[in-house]
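Here are a few short exercises to work through with the model open beside you. Try each one yourself before reading the solution.

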Amino acid sequence: MLHGRVDELARIGQLLADARRAQGGALVLRGDAGIGKTILLDRASEMAGGMRVLRGIGIEFEAELPFAGLHMLLHPFLDRLDALPGRQADVLRGAFGIAETVVRDRFLIGVATLTLLSDIADDRPLLCLLDDAQWLDDASSAALLFAARRLTAEPIAMIFAVRGDEAVLPAPGVEAVRVRGLDPSTAAALLAEYAPGLADPVRARVLREADGNPLALIELAAALAAEQHSGRVLHEFHVGPLPAVGRVQDAFRRQIADLPAATQLALVVAAADDTTSVNVIMDAGKALGLSAADLDPAVRSGLVIVTGDGMSFRHPLVRAAAYRAATSVDRVSAHRALAEVLLDGSNADRRAWHLAAATSEPDEEVAGELERAAQRAGSRGGSTAMATAYERSAELSIHPARRSTRLAKAARAAYDAGRTAWATDLASRAAASTDDASVIAEATYIQAQIDVERVSPAAGGKVALNGARRIVSCSPEQAAIMLTEAVWIAWVGGDSVLATTGRGPLEAVTLPPTSPLRPAVAGMLGFLDLLDGAPAAAMEPMRGLVAAVQAGSVDSLTVHTITGFISLLVGDDDAAAAMLETLVVTLRAGGMVGWLPYALEPLALAQCLRGRFLDAAAAATEGTALAVEVGQRNQVTAMTAISAWLDAVSGDEERCRSLAAEVNAQAARHVAATACARWALGLLELAAGRADAALEHLDSIYRDRIGYGYEIRAAPDFVEAAVRSGHIDRARTMSSVFQEWARHSGHLSTGALALRCQALLDQGSDADTGYAAALRAHETASRPYDMARTHLVYGEWLRRQRRRSDAGAQLSAAMELFDRLGARRWAERAAAELEVLGARPAPRSSDTGGSARLTPQELQVVRLAAAGLSNKEIGAQLFLSPRTVGHHLYRVFPKLGVTRRMELAYLDLGSVT
């Protein structure tokens with residue numbers, strides 16, 4: 001009988017009911033050991049009815065084995081892997097060690113897990129129960145939590161039982177339920193059920209000691225001696241305020257201590273083992289002089305349960321008590337014996353860790369075993385396990401050089417796992433233990449990447465520059481990549497002076513003539529020329545870098561991503577979009593979720609500048625969600641700034657200001673994102689006709705920047721705001737700067753904006769000619785938003801010249817384009833100008849077509865569906881389950897006015913802006 005837990009059971013019941021309606025979700029039950037989490041999981045299983053139930057459990061001594069917990073949960077369904085999209089099936093096989101697949105991004109395992117769970121739930125709803133989830137290996141917990149956050153359209157419920165608070169197995173985005181102690185009356189009822197004969201003083205003492213912990217109530221009562229049942233003083237119980245869990249472990253230790261010595265040793269072997277195989281335990285026991293009969297007393301006492309060829313402890317605290325109460329000699333003997341029987345290849349990792357646990361002095365042979373275990377973990381995407389194995393391998397290393405190299409590799413793996421504090425410690429130890437410049441540089445690079453997120457991009461850039469200087473001569477290619485990133489992130493962080501200090505090291509890098517990184521070095525030197533205000537010298541090498549990446553001759557993801565931004569700085573937005581779309585496809589195909597936010601940021605910017613706002617919103621929305629998922633705080637800030645810019649264009653004033661405020665709160669960390677947010681606020685004011693306020697926001701961008709960097713793209717708006725507010729001299733200065741950049745850029749789209757800037761400053765026929773030329777360039781460059789803006793200012797100028805008919809034509813064209821683009825505030829400004837002319841603009845519909853009503857993710861889904869991809873293929877690209885894809889399409893069809901999937905191919909989705 002389950003006592004109490006009414007609220008917890010009600011919440012579990014609601015979760016199951018929702019899952020049966022394909023509105024899945026997840027819960028995390030948090031509480032102390034013995035508080036009743038496992039019982040709640042048992043009851044959830046009983047409540048599941050016709051649902052399929054999968055159960056898994058975290059095992060403390062498997063925490064170093066990547067995907068051990070996930071394999072335990074999913075192994076009955078490995079025959080379904082062939083139904084998964086190819087790359088997802090491959091990475092799960094690699095993760096489970098049944099194929100030689102290298103996993104390049106650990107988050108792809110989460111996507112594959114979601115797809116497999118969705119497939120399992122095809123015939124009936126699914127309930128996944130994970131007990132002792134605090135002991136799941138990090139790779140398994142990351143994959144399962146990734147899936148848990150994406151169950152909203154699935155007939156799947158997941159429940160994690162976790163010992164500890166939110167610091168243990170953090171699960172952002174998953175609802176947590178705190179399981180607390182039983183209230184006094186319920187605790188008394190439970191105790192009466194399990195120990196009805198206790199005398200009143202003993203009962204009162206047990207209730208006080210247990211403090212509402214159900215397991216403590218049961219085990220403490222069971223541990224009472226005969227004299228305590230009769231009411232005598234409980235001499236064996238502590239009087240001090242120790243936690244109930246500790247007292248339960250004491251009770252288990254006493255039960256174990258009453259067993260024969262051979263049985264106690266057999267329990268140590270069983271506790272040290274993580275295969276739960278009776279045969280493995282008995283084979284190891286033979287080496288210690290034990291027999292199968294030595295386990296019988298533990299089975300009779302109920303401390304362990306043997307079923308078939310498997311064995312488990314009655315409660316994880318029994319296992320912990322058996323292991324921790326043993327002498328160090330017995331523990332070492334148990335691990336050594338287990339290592340001697342785990343000789344087949346499938347147990348190589350287990351053998352390595354048992355050898356490590358049995359070794360207290362440096363031993364290069366054991367260190368080598370652990371290094372190979374680390375490499376296997378890395379190939380399967382188990383970054384935490386990889387770091388742990390490399391760190392222990394370093395500790396057991398005899399040779400100093402191998403020790404420092406292994407520490408550096410451990411630091412890289414810890415960084416990849418998102419464990420920055422640990423990575424910092426490992427990197428520091430690696431650098432301090434060697435004079436090898438390459439190892440020191442790698443350790444420094446890791447620290448720089450950590451500082452980018454933990455401190456600021458500028459801080460990370462400074463550290464990376466210092467590290468790269470050490471290896472310019474001995475490792476020029478590594479130095480080239482480090483310097484490329486260092487210069488870029490220093491500038492992103494707002495420290496242009498620091499960025500320019502990279503010139504010397506970049507010039508000192510000597511690469512072979514055939515090195516694919518030569519264009520990167522030349523391009524970054526060109527970027528520094530641009531920052532120094534010399535676009536004439538900058539453009540050619542920067543274009544050379546763009547061309548090299550477009551040609552596929554540069555395979556560094558770091559360089560490829562930065563080149564996307566570089567393309568925007570040379571004004572080639574179309575090349576940037578094409579290049580970055582290709583990169584995004586590559587990253588999706590490889591499942592490299594962690595890299596996607598970095599590629600989606602410049603892609604979103606390119607689409608903003610091209611006037612393709614729905615595409616930009618799709619990239620920004622996805623980039624934000626993924627950056628949150630993988631803990632990339634700076635990327636969240638950057639994406640938020642882009643979203644604010646898009647809201648400024650669409651006229652969502654409240655959301656624009658709110659998002660801009662979030663970005664401005666990070667001004668000291670991410671100056672580039674702050675500039676974008678200030679640009680957004682300037683646009684918002686400019687669209688509303690508040691030129692003075694617009695100029696104030698736009699001017700603030702240039703107080704933090706020098707040269708022709710990212711802020712150059714806001715210059716046309718600055719010119720318009722300055723002209724409208726009467727600051728003609730400032731407008732002329734900025735127009736001159738922009739025109740020089742645009743001239744060297746050489747693109748029609750930037751040239752059109754330069755013509756508009758000049759026309760804003762001109763009078764009479766010069767202005768007329770300038771506006772007309774700008775419109776022709778816009779049309780050729782296919783820039784509908786920029787064209788609408790030029791139509792608007794041209795129409796306003798014509799109205800002031802009293803050319804009413806011509807003005808009406810320009811303003812009507814502007815309003816029509818703004819309406820189509822969803823730029824509501826700009827359309828209102830054009831309509832207001834038409835009303836001044838006495839025209840009556842036709843009523844404007846807020847609905848500009850079915851595609852305009854799509855959410856960014858719906859747009860992505862429907863475009864891929866129109867291209868002929870299946871739901872599974874779409875899900876594989878967008879990291880969604882196939883059923884979620886189907887849910888999106890179900891909602892999209894009425895919006896688009898179609899009834900069948902094949903009709904999507906005939907819609908003009910490619911031109912949606």
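**Exercise 1.** In which sense do strand 2 and strand 3 pair, and over how many bridges?

*Solution.* Before starting, note that this is a predicted model, where local features need pLDDT of at least 70, side-chain atom pairs count only at pLDDT 80 or more, and totals for chains, interfaces and linings use all residues. Residues are numbered from 1 along each chain as its sequence is written, and side-chain values use heavy atoms, with hydrogens and water left out.

Step 1: find the strands, which are DSSP runs of E with at least two residues, numbered from the N terminus. Strand 2 covers residues 52-57 and strand 3 covers residues 126-131.
Step 2: check the pairing, which requires at least two DSSP bridges. The two strands run parallel, with 6 bridges.
Step 3: pick out one facing pair: Arg 55 is opposite Leu 129 of strand 3.

**Exercise 2.** Sort the side chains of strand 2 by the face they point to.

*Solution.* Step 1: recall that side chains in a regular strand alternate between the two faces of the sheet.
Step 2: apply the burial cut-offs (buried is under 20% relative accessible area, exposed over 50%, partly exposed in between, with a 1.4 Å probe and protein chains only). Arg 52, Leu 54 and Gly 56 share one face and are buried, whereas Val 53, Arg 55 and Ile 57 point to the other and are not.

**Exercise 3.** Describe the surroundings of Gly 58.

*Solution.* Step 1: Gly 58 sits in the loop between strand 2 and helix 3 (68-74).
Step 2: Gly 58 counts as buried because its relative accessible area is 4%.
Step 3: list contacts (heavy atoms within 4.5 Å). Leaving out residues up to four places away in sequence, Gly 58 touches Asp 131, Asp 132, Trp 135 and Leu 136.

**Exercise 4.** Why does Cys 676 form no bond with Cys 608?

*Solution.* Step 1: a disulfide needs two cysteine sulfur atoms within 2.5 Å.
Step 2: the closest cysteine sulfur to that of Cys 676 belongs to Cys 608, 7.1 Å away, so the gap is too far for a bond.
Step 3: searching the whole structure gives 0 disulfides.

**Exercise 5.** Where does pLDDT stay under 50?

*Solution.* Step 1: pLDDT is the predictor's confidence in each residue, from 0 to 100; the protein chain averages 88.
Step 2: residues 229-242 stay under 50, as do residues 846-851.
Step 3: where pLDDT is low, the predicted coordinates should not be read in detail.

Key:
Helix = DSSP H or I, 4+ residues; strand = E, 2+ residues; numbered from the N terminus.
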